[in-house]
Amino acid sequence: MWHLCCYGDTRETSGDRFFLFTDDTIKSPSPALTMKAAVLIQRWYRRYMARLEMRRRYTWNIFQSIEYAGEQDQLQLSGFFSFMLDNFTQLNGNGPDLISQLLEPVVDPWLDREICYNLIPVPESYTGPRLSFPLSVSDTNALLAAFKDQQILHARYVLQLLYETKKLLKQMPNIVHLSTSYTNEITICGDLHGRLDDLLLIFYKNGLPSAETPYVFNGDFVDRGKKSIEVVCLLFAYLLLYPDYMHLNRGNHEDHIMNLRYGFTKEVMQKYKTHGREILQLFQDVFSLLPVATVIDGKILIVHGGISDQTDLDFLSTIERHKVKSALRFPRRSLEQLDIGHSCKRMRSTSGSRPGSRSKNKRTPNQGRRRCRNSRQDSAASTSSSSSSSSSSSSSFCSPRTPSCLSPRPCPSSPSMPYAVNVLQVPYLDSLCSVPPPAPPQHDREWKQVVDILWSDPKTHEGCSPNTFRGGGCYFGPDVTRRLLLQHGLQLLIRSHECKQEGYELCHGGQVGGRAFRFLPINVLSAQVCLCAFAPQVITIFSASNYYEEGSNRGAYIKVGRELLPRFYQYQVSRATRKLTLTQRVRVAEGSALKALKEKLFTHRSELLSGLQQYDLNNTGCVSVSEWAQVFESVLRLDLPWRTLRPHLARLAPDGSVDYPSCFEDMEPRIPLSQVTPNLAETLFRYRTDIEIIFNIIDKDHSGLISIEEFRHTWRLFSAHLGVDIDDRAIDDLARSIDFNKDGSIDFTEFLEAFRVVHKLDNKEQQVNGKTAGGKAL
Amino acid sequence: MMKNKQRSGRLVPAPGCPSVHPVSSEPVVPDVHKTIKAAFEAFDYESNNRVDVREIGTIIYSLGCFPTQADLHDLIAEVEDQTGYINLEKFLPAMTKVLMEHKFPSVPEDLLLQAFEVLDKENKGYLEPEQLAKYMTQEGELFTQEEMDEMLTALADHENNRVYYKDLLNQWTIDPDM
């Protein structure tokens, strides 16, 4: 951000705007000329930086939109699953076998969780750390050294570590109270998401955990990054070593269903082929035993997500937290509460039926893309689609999912809600069932308290509303914060859960002199000064730098001492040996964001084309820029600045209109799928991750193989969920077109690999003819 | 895109400017509005059609304009309110006028080269970082220390301690799309 404050009076008369230098003037420049030269350079530079900043912002917006859209998909699937798992023993036409298989929860009720890790032999050839319990500093040092050296800790020690951690955590309360009077400053870190480099950098800059350097890690240790196991093993090891100086809060990713989708499960299975399953089971227990909150000096509350207007810290401290294994396994609902016969509605497949009507909402980069929807429409029931163009009769289409908002309570005190939620819409096969929400029994209330803590996001508007974007938790406004802090005599809420460009962000603060400061300068001293003048009530702290892409954001941590004044420390891990300039970083991040965005285009091609063709009845292949932008937004609903992004995504025709087929020429499937109908292929592309989760659940022994019969069942179930009609023959054709093992089982990893989108320019064997849209090398 | 500029003043609008149909090189007002709004919204964090006055410069530059600080100061004085914010209501018409009238047109890049040559009195082909820093922070529309540091990090050949300004030009003018 540059400043307007420093400038002299450099007004030029209009005639002077284009000033010319002659050779004479250059050799012996007058002071006036020197000044003009300086001004010109300064102007150019500032404009260049401004444009760079703009590009950076848009890149950020793209990443966030896609991330949160993905999370929403995830929640929808999970809602569907929970419902099925809890209530149905039979699905019409799908037979009981599949469901009973699914009914065995991913939480396999092992009778004996205390695994005899002692029985696991550690070969002589193993050169990694051999931990001895109780742990000592030499053990943690050995772990640090080993992980820096890319070594993998033997399964036996992982299991033992987890087992010991589980024992320790069982003794801890739900809310841990710390005091600064016994310690030096406490360091508080946010999301790490498997980024070992960031954790090591924090330890390097700030010191290893010890009596002098106590830490609080605020959740989300795993998923997304490639070194989740290493991160979490280090954290647990320090927890065992210094239980008084190391404190861990649970995050929403400390959840086995999230792990299925976001990478932790896969990482474990890849690194631990023999014992992965046991390790995952133990992780499940350990995660659910993590405390949910930490309080410092009775004044600073630290939770991973946030709060809701129902958050009750007293109640929260009494619940059995380990019973909430996953936020995505909703509390059991009994069959009597279902009203299936009377109010089944056919699901309409309209493209506009994403939850909420996003067209009304603007982007708010600061609070991520998770906008508070003032009018939430369960759009499965409504056919209100702001897109006039794409309400296709798409029985063979993948229709966007209907919301399965199964939060068990209506959102109470939100004055902006125009109606009371008195009906839950739940997908059942290809219909929707209206389910009256039950009065919350005890375990529902517990579930909700925990989910609110782990999933909520702050927002600028007052009030509390369901976080429909995430699908769990709430958006909480400054009034909610104020009330809770007052109620419990607190002064500050520190949370994580959202990636911030600077690694931290303040909100819900008072205004000083009529101007609210949203950003603080990087300089630590200034931060202190500003804080005295302005009291934020909520701080977001995020510790995974370069979260979206190299250079996308800084990470940060907070130090807080007896005076309870937070100080921020920022950093950024740089993998390149040569430091990237800002321009280079922006370019890399932008390239990455655009790739992700183009994949989205590709997987929605049919809908996009159908929408575009409505404006192009003569089939010229061109529409105006306005029409193009409108169709893209209404189909993709990412709320992105399409006009600005257009040069990266589509070519212009000579008359200035958009040559829209050029949007899709840059990408292709990894394996040519000529036998597969385009619609089916798109479904598979789009829901690849979800299908992967289903496969993982079915594949109980994590072998990577499922039978053809299971595959067919899976597909039928899933297509029922989507409301897509796909027959067996199409599936069989599909299976045949990909090389399967001929032994009656399917390597679904291989299968899913086929449905990865490939960017043509990445494929070096491919001949690239000329310049494709957006394909410029930057 | 800079290469397309002609001295006559009929400029092909820089990228980021409203879409222009080459048939007539005048921008179309509704499109102009949309472009301005898009740029504005990137900084409208609370979705209440206001941006902090300190971000307006970035917005204006990104719309393809090339104002001096003084120009910016004048424009801001026109549209800001007492609270330190700028409302879209006021900004939109003012900015539309700026764009339709090409009020802050760019200058050709060879002038930029000449500007550097003015500062490079001995015609060495490069400047020393301290030299450049002195000019930038003491002459004209002064850089802040932060701006100076950022510029030098990106530009200076750290081995030889030189700023080869021709390279700089390449960087500043090969500006894909935005």
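Are Phe283(A) and Phe287(A) buried or exposed? In this predicted model, Phe283(A) is buried, and Phe287(A) is buried as well. The two residues form an aromatic pair of the tilted kind, with 5.3 Å from centre to centre and 40° between the planes. Because they are four residues apart in helix α10 of chain A, which spans residues 276-289, Phe283(A) and Phe287(A) are separated by about one helical turn.

A pair of another geometry is formed by Tyr557(A) and Tyr569(A), whose ring centres lie 5.4 Å apart and whose planes meet at 10°, so that the pair is stacked. Tyr557(A) belongs to strand β16 (residues 555-560) of chain A and Tyr569(A) to strand β17 (residues 567-571) of chain A, and the pair therefore ties together parts that are twelve residues apart in sequence. With a relative accessible area of 2%, Tyr557(A) is buried, whereas Tyr569(A), at 22%, is partly exposed. Over all chains, the structure holds 25 aromatic pairs. One aromatic cluster is made up of Trp60(A), Phe63(A), Phe542(A), Tyr547(A) and Tyr548(A).

Aromatic rings are also met by charged side chains. The charged end of Arg43(A) sits over the ring of Phe66(B), at 4.1 Å from the centre of that ring, while in chain B Lys134(B) lies over the face of Tyr135(B), 5.8 Å from the ring centre.

In chain A, an open sheet is formed by three strands in the order β10-β12-β11, with mixed pairing. Its edge strands are β10 (457-458) and β11 (464-466) of chain A, each of which pairs on one side only. Strand β10(A) is joined by two bridges to strand β12 (residues 474-476) of chain A, and these two strands run parallel. Within this sheet, Pro458(A) has Phe476(A) of β12(A) as its bridge partner.

The confidence of the prediction varies along chain A. The mean pLDDT of chain A is 71, and 61% of its residues reach 70 or more. Among the elements of the chain, strand β3 (residues 215-217) of chain A has the highest mean pLDDT, 98, and strand β7 (residues 345-346) of chain A the lowest, 28. Over residues 1-18 of chain A the pLDDT is below 50, although this stretch has 46 contacts in the model beyond near neighbours in sequence. For residues 511-533 of chain A, where pLDDT likewise stays under 50, the model has 44 contacts beyond four places in sequence. Where pLDDT is low, the predicted coordinates should not be read in detail.

Note on methods: Residues numbered from 1 in each chain as written. Chains lettered and ligands numbered in written order. Predicted model: local features only at pLDDT ≥ 70, side-chain atom pairs only at ≥ 80, totals over all residues. Heavy atoms only, no water. Phe/Tyr/Trp six-rings, centres within 6.5 Å; stacked < 30°, edge-to-face > 60°. Buried < 20%, exposed > 50% of the residue type's maximum accessible area, 1.4 Å probe, protein only. Lys NZ or Arg CZ within 6 Å of the ring centre and 35° of its normal. pLDDT = per-residue confidence, 0-100. Contact = heavy atoms within 4.5 Å. Pairing = 2+ DSSP bridges.
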